[in-house]
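Student: I've got a model open and I'd like to work out how its helices fit together. Can we go through it step by step?

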Amino acid sequence: MSDEHPTFAAVPSVTDPPAAKDPISLDRAVEEGLLIARAALTMEVKNYIIVTAIRDGQPYDLDDVSEVVRRELHELATENDENAARVDKLAAQVLKSGWAKHDSEGYQAGDHPALTNRVVIHSQLSEQLNALADDADYVAGVAERARMQAWTEVGDAIESRLLDSLPKPPDRYYEEDKEARLRAFANINLRALEKQAARKNRLSNSG
């Protein structure tokens with residue numbers, strides 16, 4: 001395939017196979033896809049914990065958070081099912097005679113094997129994500145990691161606000177520089193400043 005057309009490895013997203021310069025095995029693509037999905041899942045659950053704690057004032061509830069983890073896993077699985085159906089349609093389009101590039105996202109007939117691989121990867125990701133939603137240990141692990149990240153983030157924010165609210169320490173050079181500032185003030189020609197101000201007033205009044 002020419003450089004102007006994307007391959008399955010050049011379309012990164014949470015639910016797409018990870019980008020790679022060289023072709024990788026289907027098993028490795030699925031494994032890396034699961035790692036990406038877990039990272040995104042943990043972030044979503046972390047944000048949920050923070051919002052419910054700060055905005056809604058709700059204490060951490062493992063059962064509630066676990067249900068969120070399961071729901072997000074099923075949603076990721078659904079996204080992969082939809083991607084599998086979309087890519088499968090693309091794979092069929094590029095083999096048709098007279099197909100239009102704008103209808104197949106720029107893919108060519110030579111991309112059919114890569115597109116077919118993507119269909120398999122998305123389908124396997126969907127199957128495994130749905131299975132993980134029923135894995136109590138996996139769900140609990142994601143919930144605990146998200147909880148730790150949430151408390152760390154909230155703690156850092158509170159610490160930052162507390163530091164900002166503390167009175168600023170006095171300038172340690174203030175007393176040392178005070179005498180020099182007083183001398184500089186005494187050296188100002190106040191009489192000359194008065195004459196300058198009076199002259200400006202006369203000029204403005206005469207105008």
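Student: How do α1 and α3 lie to each other, and why?

Tutor: First, this is a predicted model, where local features need pLDDT of at least 70, side-chain atom pairs count only at pLDDT 80 or more, and totals for chains, interfaces and linings use all residues. Residues are numbered from 1 along each chain as its sequence is written, and side-chain values use heavy atoms, with hydrogens and water left out. Now, the axes of α1 (residues 26–54) and α3 cross at roughly 50 degrees, with axes being lines fitted to C-alpha atoms, for helices over the stretch in contact, and angles running from 0 to 180 degrees between N-to-C directions. Under 35 degrees is roughly parallel, over 145 roughly antiparallel, 65 to 115 roughly perpendicular and the rest oblique, so α1 and α3 are oblique.

Student: And what about α2 and α3, how do they lie to each other?

Tutor: Helix α2 (residues 62–93) packs with helix α3 (residues 112–133) at an angle of about 160 degrees, their axes 8 Å apart. That's why these two come out as roughly antiparallel.

Student: Which helix gives the largest share of the largest nonpolar core?

Tutor: A nonpolar core is a set of buried Ala, Val, Leu, Ile, Met, Phe, Trp, Tyr and Cys residues joined through side-chain atoms within 4.5 Å, and buried means under 20% relative accessible area (1.4 Å probe, protein chains only). This one has 27 residues, and α1, α2, α3 and α4 (136–165) each give two or more. The largest share, eight residues, is from α1.

Terms used
Helices (H or I, at least four residues) and strands (E, at least two) are DSSP runs, numbered from the N terminus. Buried means under 20% relative accessible area, exposed over 50%, partly exposed in between (1.4 Å probe, protein chains only).
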